[in-house]
Amino acid sequence: MAPSAIISLAPLLDQDQSATQSAAASLLSALETSGFLYLTDAPIPKTVLSQVYELSARFFARPLAEKDALAWDTPRANRGYSKQGLEKVSLSLSKDDVALDRGDAGEDQKESFEIGRDDEEGYPNRWPEEDREFKTVMLDFFERCRKLHAVVMKAIAIGLGLDAEFFADYVKQGDNTLRLLHYPGVPPESFANGRVRAGLHSDYGSVTFLFQDNRGGLQVERKDGSFTDVTPIEGTIILNAGDMLSRWSNGEIRSTRHRVVEPPMKMGGQDSYPPRYSVAYFCNPDFDKTIEVLPGTFGGEKGEKKFENINSGEYLVQRLSATYGELLGAGV
Ligand code: NI
C-alpha cells in the first residue's frame with residue numbers, strides 16, 4: 001500500500017485520552033499496512049529544521065580532505081563522515097550477500113555524516129572543530145528527535161494494547177543516529193543501467209524519521225514488488241518502521257523496503273538534476289536491551305513467535321557491518 005496516512009502528533013502530545021487512543025490506533029494501522037506514514041504537527045520548529053539543513057549543506061561543501069579527517073570508522077561507533085560509494089545499503093547480513101544483492105547497480109550516489117549520542121563512553125562524535133554552531137544545533141536537534149521517538153513508541157504501545165509506558169525503559173539512553181545526507185547534483189546519465197541514489201533496503205532499528213527537501217526520488221516497495229513514490233509534503237516528517245520493530249511485533253508491523261531513485265523531473269529545464277538533501281534520524285531500542293517478541297503478538301490465532309531474542313546493539317552492529325563491507329576488520 002502506498003503511504004497515504006497523514007497523522008497529527010498533536011493528539012499524542014496532549015492529555016485527552018480518547019484523542020490519543022484514536023491517533024495511536026491510526027498510527028499503528030499505517031505501520032501495519034504500509035510501514036510508512038507522514039507525521040504533522042511535530043514539536044520541532046521550522047526554524048530549527050532550516051538551520052539543520054543550512055549547516056548540513058555547509059558541512060558537505062567543505063573540501064573532501066577536511067571531511068575525510070572526520071571519517072566514519074567502525075560499525076560500533078557509527079559516527080563520522082562517509083564519502084560516496086562507501087556504504088552499500090542492502091538487506092543482507094553478510095558482506096558476500098551484499099555484493100550479490102547489489103549486482104550492477106553500483107555504488108550509492110550519496111555522502112553522509114552520522115552523529116550519535118554525545119555522551120557514549122569510548123565513542124565520541126566526530127565534530128568539525130571550527131564550527132561550534134554545527135555541534136550545538138545538531139545536538140539540540142538530536143534531543144528533540146530522541147523525545148519524539150519516545151512519543152511514537154508510546155503511541156505504538158497504546159495501539160498494540162500494551163501499557164502506555166511499555167517502551168519507556170527501552171528509549172531512555174537514546175542510542176540513535178542522526179544522519180545528514182547529501183545526494184550531489186548529477187547528469188541524467190548517472191542513472192543509466194539501473195543506478196540509483198540509494199539502493200533498495202529496509203531500515204534496521206525501531207523507527208526512522210525522515211526529513212526531506214522537495215526534490216523527491218524516495219520510493220517504497222509495494223507488496224507485489226512494484227514501487228510507489230513517497231512524494232514530499234511540506235511540513236511533514238516521514239515515519240517508517242525498521243526491522244527491529246518488525247521483529248519485536250512478530251511481523252505485525254512492516255519494515256518496508258525503500259530506495260532513492262532518479263527524481264521525477266529535472267527542475268528549471270536544466271540539464272542535470274539538482275542536489276538532494278535529507279536528514280534521517282534512525283531510532284533504536286537502547287543498545288543494552290533484549291528484543292523479545294511482544295506480548296499479544298503471538299499465541300492463539302496469531303501463531304508462534306517467529307523471531308529469536310536479539311540484543312539491540314549487537315543486531316545493529318551486525319547489520320552495519322554488512323553494509324559497510326570494505327571497512328570490516330577495522331575493529332568490529
Ligand atoms: Ni532507509
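Me: Which residues of E2 are buried on one side, and which on the other?
Reply: In this predicted model, strand E2 spans residues 36–40, and both of its faces are covered. Leu-37 and Leu-39 are buried on one side, while the opposite side carries the buried residues Phe-36, Tyr-38 and Thr-40.

Me: Why is E2 described as largely enclosed by the rest of the structure?
Reply: Burial here is taken as under 20% relative accessible area. Because five of the five residues of E2 are buried, the strand is largely enclosed by the rest of the structure.

Me: What is the order of the strands in the open sheet?
Reply: The sheet is open, and its eight strands are joined with mixed pairing. Its edges are strand E1 (6–8) and strand E3 (80–82), each of which pairs on one side only, and the twist averages 25 degrees from one strand to the next. Read across the sheet, the order is E1-E2-E10-E7-E12-E5-E4-E3.

Me: In which sense do E1 and E2 pair, parallel or antiparallel?
Reply: Among the bridge partners, Ile-7 is matched with Leu-39 of E2, and Ser-8 is matched with Thr-40 of E2. The two strands are joined over three bridges, and their sense is parallel.

Me: Which residue in E10 does Leu-39 stand opposite?
Reply: E2 and E10 run antiparallel and are joined by four bridges. Leu-39, which is buried, stands opposite a residue of E10, namely Ile-237.

Me: Which strands does helix H6 lie across?
Reply: Helix H6 comprises residues 132–159 and runs at about 130 degrees to E7. Helix H2 (residues 17–33), by comparison, lies across E1, E2 and strand E10 (237–241), running at about 150 degrees to E2. The strands that H6 lies across are E2, E4, E5, E7, E10 and E12.

Me: How are H2 and H6 oriented to each other?
Reply: The axes of the two helices come within 8 Å and cross at roughly 90 degrees. Angles of 65 to 115 degrees count as roughly perpendicular, and the crossing therefore makes H2, relative to H6, roughly perpendicular.

Me: How many residues of the contact of H2 with H6 are nonpolar?
Reply: From H2, the contact is made by Thr-20, Gln-21, Ala-24, Leu-27, Leu-28 and Leu-31, and from H6 by Val-152, Ala-155, Ile-156, Ile-158 and Gly-159. Of these residues none is charged and three are polar, and the number that are nonpolar is eight.

Conventions:
Residues numbered from 1 in each chain as written. Predicted model: local features only at pLDDT ≥ 70, side-chain atom pairs only at ≥ 80, totals over all residues. Heavy atoms only, no water. Pairing = 2+ DSSP bridges. Axes fitted to C-alpha atoms, helices over the stretch in contact; angles between N-to-C directions. Contact = heavy atoms within 4.5 Å. Parallel < 35°, antiparallel > 145°, perpendicular 65-115°, else oblique. Nonpolar A, V, L, I, M, F, W, Y, C, P; charged D, E, K, R; others polar. Buried < 20%, exposed > 50% of the residue type's maximum accessible area, 1.4 Å probe, protein only.
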